[in-house]
Amino acid sequence: MRKLLLALTALSSPAWPDTLISNVNGIQASPDGKIERFGSLLVDDDGRVKQVLVNPHPRLNSVFRAIDGKGRTMLPGLIDAHGHVLGLGFSAMQLDLVGTSSLDDLKQRLRAYAAAHADARWIIGRGWNQELWPHKRFPTAADLDSVVSDRPVVLERVDGHALVANRAAMKAAGVTANTPAPSGGRIENGLFVDNAMELIGKAVPPATAAENDQALAKAQEILLGYGITSVGSMSTSLDAWNAMRRAGDAGHLSVRLMIYADELKLLPEVPKPTSWLYSDRLRMVGIKLYADGALGSRGAWLKQPYADKPDTRGLQFHSDEEMLTLADTAASHGFQIATHAIGDAANAQVISVYEQLSKKYGRNRRWRIEHFQIADPADIPRLAPAGIIASMQPTHQTSDRLMAEKRLGPNRLAGAYAWQTVLKSGVRLAFGSDFPVETPNPFPGLAAAISRQDMNGEPPDGWIPSERLTFGQALHAFTRGAAYAGLAEQTIGSLEPGKWADFILIDRDPTTVDAQSLARTQALETWIAGKKVWARAPSASRPERGR
Ligand SMILES: [Zn+2]
């Protein structure tokens, strides 16, 4: 009632440009991860939330510019705490190998792409995963040569931690059979793992500014179509940052981007965090570091040997001293730090570094661990006291489940993808997808978070079901938690007076459907700062850009 009176007392102002979106099934997460419901949203002319109303007086509809939500479900705009924005745009423009069912399938897609792009000097592709193939054998240079030998071909694995190159690409890069692998890397028959990837990567002609602009536009279009209104953009290069600045200057930024620079590479040009630019569309907030590789390519650094390859514990990227120096350098410039750590040894190293930095800089610098996939259960209680945020990706769990069981064996899974344990230990959880490693669609992520099941409902009871979250907890991690992790909880992450009116309308009520249905939720409209920036075309099966 008080809220209604407040709204009505403002009626005396001469022009009343506020907009009332009423008759919605509004759902958002409370600060403690419970479900909050509302029926209407009052948005001011600047695009900020003025009131969140449970049941507005019917008279309000005739007083404000009124929009009938027609009973559709409204959520706050979803935030992906960890994605690769230009990577998403480029992966949509390059050869897509996600979901290839066999090496032959990869070859067929390569053949078709090469024929359709006869003038491409290099063929770049991404997304294969040999774990999904019948024989699980890594592809080789000879495999690619049998399809395309006249120009370089470079195909990255789905996790971005390995690539396969054909002979022309190796020749262009000056790599021979005798080239030794750099430390932290491996070379096998045209397969380049982790630090060895750079041997090939440095020979690939860089994208032009126009291509970067195109990739950024493409990425925004894809994200808006999935109901994502803000992103923590990881490992951002100088070229990508410049493309974002150009888009901001031209008024072409819709999605809000919280930027984490690629290691210390941008320090000469961007020596300290920026403030929010372009009406809170772009901000350089942090620096992304790496402690190890990924589990699929056995690059994750483990405390004990791999169960399925006992001669290795994975790749340690930096000595403890190096890691501390890197992180301290970033912190001394005022940056937030987000460090990739997947294996339990890498996570323990990063926790130790953050514990030391917390003593020096305080625990409210929001030290982030990206992925936090395999933790030693003994290390999890160390996070909260040091103010460490766990930035995790629920769909990694469903994608990795069978592979993780093989890599770790049955007895080392207690701290694997342990969302509920992490939350219970008092740690702030932020969710994302790591797109384009996984789809940027947040609904399979929300579904995985509440079920520990994949899109097909496997396994039936969920994988380590004690780590399931409630829908409220999962929504919190994809909204409030992700905003907090990006130092943006004052302006986004929930619909509250004074915050941006970033919201989405979706095609079902996520609190009344099962996980398989939740995973198939579609965004109908995406609004940022009180403006509709995307709407699903009425009859189209694929998302398309709206106004
Ligand atoms: Zn990533």
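## Helix α12, the zinc site and two cavities

The buried residues of α12 pack against β19 (368-371), β20 (389-392), α13 (419-424), β21 (429-431), α14 (442-451) and α15 (471-478). The model in which these contacts appear is a predicted one.

Helix α12 covers residues 394-408 and bends by about 65° at aspartate 400. Eleven of its 15 residues are buried, so α12 is largely enclosed by the rest of the structure. The buried residues are Pro394, Thr395, His396, Gln397, Thr398, Asp400, Arg401, Met403, Ala404, Arg407 and Leu408, a list that includes Asp400, the residue at which the bend is located. After the helix comes glycine 409, whose phi is positive, near 80°.

The zinc ion has as its protein donors His82 through NE2, His84 through NE2 and Asp434 through OD, lying 2.1 Å from the ion. Along the chain these donors follow the spacing H-x1-H-x349-D. Histidine 82 belongs to strand β8 (residues 78-83), whereas aspartate 434 sits in the loop between β21 and α14, so the pair ties together parts that are 352 residues apart in sequence. Both β21 and α14, which flank that loop, are also among the elements against which the buried residues of α12 pack. Histidine 82 is buried, with a relative accessible area of 0%, and aspartate 434, at 7% relative accessibility, counts as buried as well, the cut-off for this class being under 20%.

A search of the whole structure finds two cavities of 30 Å³ or more, and the table sets out their volumes and the classes of their lining residues.

| Cavity | Volume | Nonpolar lining residues | Polar lining residues | Charged lining residues |
|---|---|---|---|---|
| Largest | about 50 Å³ | five | six | one |
| Second largest | about 30 Å³ | three | four | none |

The lining of the largest cavity is made up of Pro76, Gly77, Ile79, Thr229, Ser230, Thr491, Ile492, Gly493, Ser494, Leu495, Trp500 and Asp502. Of these residues, Ile79 falls within the range given for strand β8 (residues 78-83), the strand that also holds histidine 82.

The second largest cavity is lined by His371, Gln373, Met392, Gln393, His396, Tyr417 and Trp419. His396 in this lining is also one of the buried residues of α12. Other members of the lining, namely His371, Met392 and Trp419, carry numbers that lie in the ranges of β19 (368-371), β20 (389-392) and α13 (419-424), which are elements that the buried residues of α12 pack against.

Note on methods:
Residues numbered from 1 in each chain as written. Predicted model: local features only at pLDDT ≥ 70, side-chain atom pairs only at ≥ 80, totals over all residues. Heavy atoms only, no water. 1 Å grid on protein atoms, 1.4 Å probe; cavity = no way out; pocket = protein on both sides within 12 Å on 5 of 7 lines; lining within 4 Å. Points joined across faces, edges and corners; volume = space filled by probe spheres on them. Nonpolar A, V, L, I, M, F, W, Y, C, P; charged D, E, K, R; others polar. Bend = angle between axes of the 7 residues up to and from the residue. Helix = DSSP H or I, 4+ residues; strand = E, 2+ residues; numbered from the N terminus. Buried < 20%, exposed > 50% of the residue type's maximum accessible area, 1.4 Å probe, protein only. Contact = heavy atoms within 4.5 Å. Donors = N, O, S within 2.8 Å, 3.2 Å for Na, K, Ca; no water.
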